[in-house]
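Q: I would like to go through a structure feature by feature. Can we start from the overall fold and work down to single residues?

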Amino acid sequence: MAIDFNESKTKENLMKAFAGESQARNRYTIAAEAARHQGMQAVGHIFQFTAEQERAHAQVFYNLLKKAEGTTIDICGGFPVDTFDSLLDLVKAAEHNETEEYEDVYQAFGDTAKEEGFYEAASAFYQIAEVENIHAKRFGYIKKLLEKKEYFEPNGNGTWMCLNCGYVHEGGKVPEICPICRHDKGYFIPLEMAPYTCSEITAS
């Protein structure tokens, strides 16, 4: 049975989600800067790209709070502090947080919204949870490469793209300097993760 929105648990959950996504956007923006300072510009790009998607999620949740317009919503929640110096630790934390949102937080929020009769909110929680799963897998892939020290030098040949100029390199390891634009190797990203790239484009 539907209940009054302003008396609902869904109202609080939407504000918690808005707060969480807003903080995630800032955490990833800060992590992106840290990655760039460590010479890993492409990983910084991944953090920044994800941050913008978190901003979009926050906007979805914020718009669903329209019925509470003009009020203040008090919430109680726990939020992570991921101020690691290590890029690997930042990536691990991002994977963990995204997995938690996908598996636990947004599933529970969606279930509550459905029980309370707020089906649009429930759909938003479930659908955004699926996106967070994609985020988790993205960070998990980068984590695996960093842990195995295979981001720049895989076990075998690899293919990368320079995010600055688009040069595609194939070989046993990334060149120290891009032969076209002369940017350093931190601008290279595994080709399968390069934006707007598919096998039909890169096939010779």
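**Reading the fold, the helix pairs and the cores**

A: In this predicted model, of the contacts in the protein chain between residues at least 6 apart in sequence, 66% join residues at least 24 apart.

Q: How many helices and strands does the protein chain have, and in what order do the elements run?

A: There are five helices and three strands. Starting at the N terminus, the order is α-α-α-α-β-β-β-α. The C-alpha trace spans about 60 × 35 × 30 Å along its principal axes, and 41% of the 204 residues count as buried.

Q: How do I read a helix pair? Take α1 and α2: at what angle do they cross?

A: Start with the angle between the N-to-C directions, where a value over 145 degrees counts as roughly antiparallel. The axes of α1 and α2 cross at roughly 165 degrees and come within 8 Å. α1 is therefore roughly antiparallel to α2. The crossing of these two helices is left-handed.

Q: Are α1 and α4 roughly parallel or roughly antiparallel?

A: Angles under 35 degrees count as roughly parallel. For α1 and α4 the crossing angle is roughly 25 degrees, and the axes come within 12 Å, so the two helices are roughly parallel to each other. Their crossing is left-handed. On the α1 side the residues that meet α4 are T10, N13, L14, A17, E21 and Y28; their counterparts in α4 are A121, F125, I128, E132 and F139.

Q: What is the angle between α2 and α3, and which residues meet there?

A: α2 and α3 pack at about 25 degrees with axes 12 Å apart, and the pair is therefore roughly parallel. This crossing, too, is described as left-handed. From α2 come V43, F47, T50, E54 and F61, and from α3 come L87, L90, V91, A94, E98 and Y106.

Q: Now the interior. Which residues have the most contacts inside the largest nonpolar core?

A: The general idea is that in soluble globular proteins nonpolar side chains tend to be buried together. Here the largest nonpolar core has 30 residues, and V43, F47, L87 and Y151 have the most contacts inside it. At least two core residues come from each of α1 (9-37), α2, α3 (87-116), α4 (119-147), β1 (158-162) and β3 (188-190). There is also a second, separate core of 19 residues, including A17, L65, F125 and I128.

Q: What does Y151 touch?

A: Contacts with residues beyond four places in sequence are the ones to list. For Y151 these are M40, A42, V43, I142, L145, L146, W160, F188, I189 and P190. V43 is thus a contact of Y151 and is also among the α2 residues that meet α3.

Q: Is H57 buried or exposed?

A: Compare the relative accessible area with the cut-off: under 20% counts as buried. H57 lies in helix α2 (residues 41-63) and has a relative accessible area of 8%, so H57 is buried.

Q: Which side chains make polar contacts with the side chain of H57?

A: One is E21, at 3.4 Å, and another is E132, at 3.1 Å. Beyond four places in sequence, H57 touches E21, I128, V131, E132 and H135. E21 and E132 also appear among the residues where α1 and α4 meet.

Q: How does A56 read by comparison, and how far is A56 from A19 in space?

A: A56 is also placed in helix α2. With 29% relative accessibility, A56 counts as partly exposed. The C-alpha atoms of A56 and A19 are 13 Å apart, while the two residues are separated by 37 positions in sequence.

Q: What should I look for in the backbone of the loops, and what is phi in K149 and in R182?

A: Look for a positive phi in a residue other than glycine. K149 has phi near 55 degrees and sits in the loop between α4 and β1. R182 has a phi of about 70 degrees and is in the loop between β2 (168-171) and β3.

Q: Are K149 and R182 buried or exposed?

A: The cut-off for exposed is over 50%. K149, at 70% relative accessibility, counts as exposed. R182 is exposed with a relative accessible area of 56%.

Conventions:
Residues are numbered from 1 along each chain as its sequence is written. This is a predicted model: local features need pLDDT of at least 70, side-chain atom pairs count only at pLDDT 80 or more; totals for chains, interfaces and linings use all residues. Side-chain values use heavy atoms; hydrogens and water are left out. Helices (H or I, at least four residues) and strands (E, at least two) are DSSP runs, numbered from the N terminus. Buried means under 20% relative accessible area, exposed over 50%, partly exposed in between (1.4 Å probe, protein chains only). A polar contact is a pair of N or O atoms within 3.5 Å; within protein, one must be able to donate a hydrogen and the other to accept it, and residues adjacent in sequence count only if both atoms are side-chain atoms. Contact means heavy atoms within 4.5 Å. A nonpolar core is a set of buried Ala, Val, Leu, Ile, Met, Phe, Trp, Tyr and Cys residues joined through side-chain atoms within 4.5 Å. Axes are lines fitted to C-alpha atoms, for helices over the stretch in contact, and angles run from 0 to 180 degrees between N-to-C directions. Angles under 35 degrees count as roughly parallel, over 145 as roughly antiparallel, 65 to 115 as roughly perpendicular and the rest as oblique. A crossing is left-handed if the near helix is turned anticlockwise from the far one by less than a right angle, and right-handed if clockwise.
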